[in-house]
Amino acid sequence: MINPTEVNSLIRLLDDPDMEIYEHVHEKLRSYGTEVIEYLESAFEQAFDAIQQERIANLVHEIQFGTVKNDLQLWFHGGAFDLLQGILIINRYQYPDLDEQKVINQVEAIKRDMWLQMMNEASPVEQIKLMNHVFYAIHGFSGNTTNHRDPQNSYISQVLESKKGNQISLAIIYSIIAQKLDIPVYGVNLPQHFILAYMDESQETEFEGGILFYINAFNKGFIFGRRDVDMFLKQLNLKFDKQFYEPCSNADIIKRVLRNLISAYEHAGASEKVDELNELLGILEAPAASAG
């Protein structure tokens, strides 16, 4: 249990000019973890001293970033099974105070609207057309073409609010909802693009892997075939590689989100964020015994 008197006395010492005292106090406060944040935030509001405010803000961020790293590690080493959980952890990096239940409820609301439209005997293409109608026409999602580099395109809470995202964030929301409806749609890691594949192991398809067709979530759920992927790769002068055609793991999807964010923040000159996001990327690039 935290002793409020002790914590508040420590916080008052955060602006101590003696670096040794400051570092000792900083470490002691950090060791309390997230429990100390409310005390720090309350002290921040009352602080008149710019140094103290800056040190409090940095400490809060350090504690929150530590939590994100820890959560990402647990998710990855636990097998990275839940994509929504993975993308919420990344969201926590920028929005640590967000009510995540709100995001879950928004996803559930779209799923419910799709479920109400679904017909029992719908073919795979009909299912996707129904999903597209609800996702794009009713809920109004679209690709953010005007501000494609904006880091907000990668945070699920912002994409659900603005209804605009990049290729991967729209594909993530789309595939999470599809899978909740037992529609087998999974992400495919194409170079310079991110698409979705409709899998059906039970049907003979034009190629191995049981993929019936592909979906472009950035372009209003446009449905296309393997030849279009062939053409796209040819334009990029890339040789055939199985991974460009088949679903990738949830960990690979989150890696791609992190790389997008790193690129967006590099462009914006936010070097501290770039360093931290590279640290998060490093967690997913370490070998995980059980990660699928």
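Q: What makes two residues a contact here?
A: Contact means that heavy atoms lie within 4.5 Å. Among contacts in the chain between residues at least 6 apart in sequence, 61% join residues at least 24 apart. This is a predicted model, where local features need pLDDT of at least 70, side-chain atom pairs count only at pLDDT 80 or more, and totals for chains, interfaces and linings use all residues. Residues are numbered from 1 along each chain as its sequence is written, and side-chain values use heavy atoms, leaving out hydrogens and water.

Q: What makes a stretch count as a helix or a strand?
A: Both are DSSP runs, numbered from the N terminus: helices are H or I with at least four residues, strands are E with at least two. By that rule the chain has 12 helices and 6 strands.

Q: Why is helix α5 called mostly covered?
A: A residue is buried when its relative accessible area is under 20% (exposed is over 50%, partly exposed in between; 1.4 Å probe, protein chains only). In α5, residues 83–94, 10 of the 12 residues are buried, among them Leu84, Ile87 and Tyr93. For the chain, 47% of the 292 residues count as buried.

Q: Which helices help to cover the buried residues of α5?
A: The cover includes α4 (50–77), α6 (100–117), α8 (156–162), α9 (167–180), α11 (250–268) and α12 (271–285).

Q: How do you know that Asp82 caps the N-terminal end of α5?
A: A side-chain oxygen of Asp82 lies 3.0 Å from the backbone nitrogen of Leu84.

Technical notes
Polar contact = N/O pair within 3.5 Å; in protein donor to acceptor, adjacent residues only side chain to side chain.
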